[in-house]
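Please open the structure in a viewer and keep the selection tool at hand. The tour below proceeds stop by stop, with a selection to make at each.

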Amino acid sequence: MRLENLSQKITLLTVGITIAFTFILGLTSFSYIRSNLVEQISNDISQEALSFQAPIQSFLSELNHNIQSMSGNLLVVNALTDSVGRELYIVPFLKGYKTPLDIPFHLALLDFEGKPITPKQRLRTATSSNEALITTTISKEVSYAAIIKDNDTSSLLLAYPVFYGATGRAEGILVLEISLFEILSKIVNYDHTTDHYFLGLNQGSEPLMEFGVKSEKDFHSVHNPLNLPQELQELQLNIEYGESLAEALMPIKKVTRVYSVCGVFIFCMITLISRWAAKKITNPIISLSQIVNQVAKTGHPSAEFDTNQTGEVGVLAKSFKTMLSRLAEAQNSLESQVEERTKELLSEIEERIKTEKALLLSQREWENTFNSMNDIVTIQDEDMRIVKANRVAYDVFQVELGELEGKYCYEVFRGGNSPCSNCPELITINERETHGGTITNEKLGKIFYVTSSPILDENGEFTHIVHIAKDITKQKEIELKMAEAHQQAEAANMAKSEFLANMSHDIRTPMNGIIGMTRLALDTTLTPEQHNYLEKIKLSAEGLLGLLNDILDLSKIEAGQLLIENNNFSLPSLLDNTISMMTFAAQEKGLELILQSDALGESVFVKGDELRIRQILVNLIGNSIKFTEKGSVTLKVIPENRDDNQLGLHFMVIDTGVGIPADKQETIFSSFSQVNSSTTRKFGGTGLGLAISKQLVEMMGGRIWCESSEGRGAQFHFTVALEHGDEQKFRQPSEIISSTVKGLTILLVEDNEINRDIARFLLKKDRHRVIEAENGLKGLEILVEQDVDLILMDVQMPIMDGLTASTIIRASEKDSDLTQFSLPDSLPEKLLRQCKCRHIPIVAMTANAMEGDREKCLAAGMDNYLTKPFKPEQIKEMIADVIKSAPE
Amino acid sequence: MKESFKICLLLSLFLLVILTIAAGATQEEPPIYIGFDAEEGHVTSTSDDAIRIGILTAIDEINRGGGVLGGRKLELIIKDNRSVPARGIKNIKEFAKINDLVAVIGGKFSPVIIAQLDILHETKMILIDAWGAADIITDHDRDPNYCFRVSLKDSWAIQTMIDHAQKKGAKKLGVLLPVTGWGRSNKKAIDNYLEANSRVSVTKTLWYHWGDKSLLEKYEMARESGAECIILVANEAEGSIFVKEVASLPKEQRLPIVSHWGVSGGNFTKLTGDALEQVDFSVVQTYSFFDEHRPEKLKKFYKTAGKLFGIKGPEDIPSPVGVAHAYDAIHILAQAINQAGTTNRPEIQRALENIDTYDGLIKYYNPPFTKENHSALLLENLFMGRFRLKDGAILRIR
C-alpha cells in the first residue's frame, strides 16, 4: 500500500515507533526479571541441596570412622582367635554399637572366608560368596564399600579388615550393613503433604532412591556428588535436589498480562493522538500548496497568503509571498537589461573589424622575419606535424615549397617512422617547456642542435611548437678530433706512470742487492784496496739511488701523487741533523758550515713534513757546497709573520761560491736545468734537485727564490707555512733506535734470493731466528706449523703475492670464512687454529716506492711498510716499532 | 605268513610281561601322608619349628627302617593356620581330601584345635596334639574320639605350677589369663585345684587380650590385692612384655612369676633380654634334653636330628617340648598304622587306642593310649624349669 497522504504517513510512523519501543522495553525487562529470578531460585536450590547433602555426608563419614575404629578394637581381634568363648562378648559388643541418629544396622565379624564368626550374627546379604569383599579386605587388606540393591531398598555394605597382631595380617572382616532408605528418611524427613521438592540419591547415574516427584514443567535441579572419606568415595554417591519453578515464576506471568493490557490501551491512544496531530500539521501546508499551484498555472496568485500563520508554515507562507513579489520585479528589470546589451554588442563588432585589419598587417611582417631566419624554423602541432616551415628549411631539405607542411617532424629530420626516445619535442609537448637536443640526419650527413618551445595562446593554453634546428655538423667534427687527441694524451701519461712504477721496482730490486751486498762485504775483513773499491761502489750505488729517488719524486709531483705529511717534529733537531749530515761533505772541501737559528725563539715544535723540509735543505746546502770552492755555507732560519694562524718560516742558505747570473736565476728552478751544460760535467748532479725543491716548497704553501750575482756567492731563500706543533705528540726517533728488539722468530717471505740473503743477514745480526719462504703460500704453510713473532712480507711474488697472504692471515685471526681464497684442503682449518685471536705483526717490504702502495699494504692488514732498498737502521727501527705497538 | 604272525604275537607278549615286571620293581609304593597344621604365619612362635623337627626326625628314622605297611614311606604335608581358628578348620577340610593322609599333628594353639574338634570328627580325621594344652582337646564326649595327646593338660600344668608357688611359700596368688579357650581352660583348672586345696587362695584373676601392649596395670592390681606370686598363662609375646614390665619395677615390687609353658613356644629369652634375670621366673615343662635319663634313645635321636638339622646337643633345640612330643607321637602313629595294616583312619584310630607299649624318647609308654585315656603323658612327667639367658635353654629346677 503506498501512502500518498502525509498525515497518514506521520500517523503510521508515530504508532510504529511507539509500538516497537514498547515491545522491546517489555521484552527486555521480562527476560531480565526472569533470568534474575531463575538465578536466585537456582541459588536457593543449591543452598537447599547443600542442607541435605551436609548431614548425609557427615553421617556416612562418622559411620565409616566408627567401623574403622572398631575393626582395630582388641576385643574384636581377640574374638578371631578365641574359638570357644567369643560369643559371650563379641555379640553384645557388636550389638551394643549405636549408629549416629540411631539408625538400625547389622554389624558382624567375619572370618577370613567371609563367614560370620558366631552364628548369632545376622546379615541380610550373604558375605561368604562375596568375592570382592573377601579379596579386598583379606588379600588386599583394605576397606570395602558397596551398595547392595535388594528389591525396593538399597543397603550400604561397609567392611574393614581386622588385623591380628601375631601375624600382622588381616585375619577377619568387620562388616556393617545399613539401609540407605533408613538413613535418608531420618535425615530428609520428607512430608508428602507439605513438601514439594524432589530429592534423589544416585550411585553414579543410577538412582537408588527418590523422595517427591520431578514436575514435568519448569523443573530445575542440581546434582552434587557427596564428599565422603576415601573409603566411600568409590561408591560415587551423589544427590539430586530439584524444585518446580512454576510457582516461583507466577509474578512474571502476572506482569506479562498487565503489560499486554496496557500495551493495547497505549496503542489506541497513540493512534488517535498522532492522527489529530498529523492533521494539524498538514492542513496549512495543503492550503499553501493549493495557492502555489494556482500561481504556477496562472502566473499570478489569486488568493492572498495567510501570513498570519505562526511557526514553520507561517515562515514558509511569508517566504512564498516575498518570492512572488521578487519574481515580478525581476521580470520587469530583465527586459530593460536586454535592450542595453544589444547596443553594447553593436559597438563591439565595429571595434573588432578595426583590429582584424591591423592584424593582417603584422602577419606579413612576421612572415618576413620567419623566412629570413638563418636556422631551420618550423611550427608544429601537437602531433609533431609541421604546420609551417621557413625558407631555410626548404633549402636544407631541398624540396619544393609547401611540401614540408603536413609531414611529421621525424620524417623530415631523421627519415624515421616515429619520434626517437630522447626527442626534445616530446618533452616540450608533455611539460610545456623549452627543450633542446641533438639530431643526426644520416641521409644528409648533418647534425642539428634542435630547440623546441611551446607556443601558448592568451589564456596560457598550448597551441603549437616552434622548432628551431641549427646545423652543427662542423662543430661536432672538431669536437670529435679534440676528444681523440685528449685520449691519446691520457694514454701517453698513463704509459709514463706505468713505466715509472715499473722502473722504480725493477731498478730498486737490483739496487737493493748491490747496496746490501756491498754493505755486507764492507763488514768483512778486506785489504785497504778492496775496502776503497767497495766504498766507491757503495757511494756510486747510493748516488744512483739518489738520482732514482729524485726522478721518482719529480714524477710523483707531476702526477700529483706526492702527498705532504703533517707530523709533529722538533725544528732544532731537524736543523742539527741536517747540518751534521752535511758537515762531512763541507769539511772535505774545507768549507765552514754555519747554522744561525737564534731568531726562532719558542717555535721549537712544529707540525709539518719533516722529511721534505730536510730534503730541500740537503738539496740547497748540497748545491752550495758543490758550487763553493772556499769560504762558508750558512743556514739561517727566521720566523716569518703570517696573517693566518700558521707558523711561517724563512730558510736561507748563503754561500760564498761562484754565484748565479741574473738571467739564469729564474730557470734554475725548472727541471733538467743547470746554469750551463758545462756545469753538469764539472759539478755533477742532475739539476732535478732545485726543480723538486721548488715544487715541494709550493706544496708547503711557500715560495723559493734566489738572490745572487755572478762571482759573489748565492743566497737561496724559501719559506714554508707550518702549524704550531704539539710537544706531547712528538716522539724522539732516538728512543726507538736505542731499544732494538732482539731474539724474535721472524718469517721472511721474499722471492728474490739476494734480497732474502741481505735481510736474513741483517736480522741474524740482531740474533733473530729467520724462517724463509719464497712466496705467500709457502709462508702460510710455514705459519701453520711454527709460532712466529713477526712477518716480513714482500709484496710482488709469484704464486701468491704478499697482499693476498696478509689478507688471509688477518681473516684467519678474525675467525672469518676462508673459502673465498682457493687454498689447499687442510690449510684453512690449520690456519684458523694457529692464528685465531692473535695478531701477528706484518711488515711489508717492497720495491714499489710509488705512493699508494703504502695504502694498499695497510688495507691488506699489514702493520707497516719498508721500501727497498732499506738501511740496517730502518729495519731495526721498524721491527722495534711494530713489536712495541703490537696489541700483545 | 601265519607262522611269522604267531612269532610276532609271542614276542610282543613276552616284552609286555618283562616291562610290567620291571615297572613293578622300580615303582615305589605310594607314600602315606601325615599332616601338620602349623602356625607358620605367627611371627614370634617357634613351637611349629620344634614340632616339625620332631616329626621329620621320626619320619626319617621310620622311612630308613623300611617305612610302614611293608615299605610305604611316610611324607609330611604342612598347612599354615597362622594361629587363626577359621584357617585351622579350612586346613582340616583340605587335609581330609588328601588320599592316604592318616593323621594330623596339632600345634601349640589350643583355640585352633578346639575350633577344629567338630570338623575332625566329621571327617574322621585323627589329630595327635603335640603341644596344645587345653584339657578339652582330648577330654570330650565324642565317640569314637579322634583326638590324641602327646603333651600336657592345663589341669596338670596348673597343679604343678601352684604346687611350685606353694613351695616358694606363696599362699595368695594373682592369676593372669588370656581371653581365649586356653585361658578359660586354665581358669577351670585353677578353680578345680582351689576346690581341693584350701591352703592357697587366688586374690585376683585378671583377663587380658592377645595383642595387649601392656599388662602392668593388671599386675599392679594383682599385687595390690595381696598376691605373693603370679600365675601366668601366656605365650611368648605377652609373656615377654609382662617380664620386661615387672623387671622395670623396684626390686621389692617384683613378685615371683610361675608361668605356663606357652612362653617356651617362642624365642623367649631373646624377647625379654636381660629383663628375665631381674625376675624370679619359672616355667612348667614335660621334658628336658638336659636330663639324659634315656641315653640310648637320646643318642638315636641326635644321630638323625644331627644329620637332618645339625642338632648336636640340648642347646641346639628350640622349644624342646615340641620336638620331643612330636618325635614320640610319630613313632607311636607309625606303630598304629602297621598295627592297623591299612591307611583307613577309623582303623588306625582303633589301633592307637590298642597299642600295648612304646619305648619312647620321653618315657616308656605302657600303653600310650587307651580308649578312655587319650593322653600319652601323665601328671608326674611335669616339672618346673628355668630359662638360661645365654642360649634360651630350659633347665629343670631341682
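Begin in chain A by selecting Lys388(A) and Glu367(A), which form a salt bridge whose closest N and O atoms are 2.9 Å apart. Lys388(A) belongs to strand 10 (residues 386–389) of chain A and Glu367(A) to helix 8 (residues 311–372) of chain A, so the pair ties together parts that are 21 residues apart in sequence. The model under view is a predicted one. Over all chains, the count of salt bridges comes to 48.

**Second stop: a sheet in chain A**

Remain in chain A and select strands 21 to 25, which make up an open sheet of 5 strands with parallel pairing, in the order 22-21-23-24-25. Which strands stand at the edges? They are strand 22 (769–773) and strand 25 (864–867) of chain A; each has a single partner strand, so one side of each is left without a neighbour in the sheet. From one strand to the next, the twist averages 20 degrees.

Now restrict the selection to strand 21 (residues 745–749) and strand 23 (residues 790–794) of chain A, a parallel pair joined over 4 bridges. Within this pair, Leu748(A) is found opposite Leu792(A) of strand 23.

Add two helices to the view. Helix 21 (residues 802–813) of chain A lies across strand 23 and strand 24 (842–846) of chain A, at about 150 degrees to strand 23. Helix 24 (residues 872–885) of chain A also packs on the sheet, where it touches strand 21, strand 23, strand 24 and strand 25 of chain A. The direction of helix 24 makes about 175 degrees with that of strand 25 of chain A.

**Third stop: a sheet in chain B**

Move to chain B and select strands 1 to 5. They form an open sheet of 5 strands, paired in parallel and ordered 2-1-3-4-5. The edges are held by strand 2 (74–80) and strand 5 (147–149) of chain B, each with a single partner strand, so one side of each is left without a neighbour in the sheet. Neighbouring strands here are turned by 25 degrees against each other on average, direction ignored.

Strand 1 (residues 32–38) of chain B pairs with strand 2 of chain B in the parallel sense over 7 bridges. To see one partnership, select Ala38(B), whose bridge partner in strand 2 is Asp80(B).

Helix 4 (residues 110–122) of chain B packs on this sheet and touches strand 1, strand 3 (101–106), strand 4 (126–129) and strand 5 of chain B, with its direction at about 160 degrees to that of strand 4. Next, select helix 12 (residues 345–353) of chain B, which lies across strand 3, strand 4 and strand 5 of chain B and runs at about 40 degrees to strand 4.

**Final stop: where the chains meet**

Display both chains together. Here 22 residues of chain B are in contact with 22 residues of chain A. The area buried between the two chains is about 1900 Å², of which carbon and sulfur atoms give 56%.

How many salt bridges cross the interface of chain B and chain A? There are 3. To inspect one of them, select Arg87(B) and Glu171(A), with closest N and O atoms 2.8 Å apart. The interface also has 9 residue pairs in polar contact.

On the side of chain B that touches chain A, helix 3 (85–96), helix 4 and helix 6 (181–196) of chain B are the elements that give two or more residues. Helix 3 of chain B gives the most, with 5 residues. By class, this side of chain B has 9 nonpolar, 7 polar and 6 charged residues.

Note on methods:
Residues numbered from 1 in each chain as written. Chains lettered and ligands numbered in written order. Predicted model: local features only at pLDDT ≥ 70, side-chain atom pairs only at ≥ 80, totals over all residues. Heavy atoms only, no water. Pairing = 2+ DSSP bridges. Axes fitted to C-alpha atoms, helices over the stretch in contact; angles between N-to-C directions. Contact = heavy atoms within 4.5 Å. Buried area = accessible area lost by both parts, 1.4 Å probe. Salt bridge = Lys/Arg side-chain N within 4 Å of Asp/Glu carboxyl O. Polar contact = N/O pair within 3.5 Å; in protein donor to acceptor, adjacent residues only side chain to side chain. Nonpolar A, V, L, I, M, F, W, Y, C, P; charged D, E, K, R; others polar.
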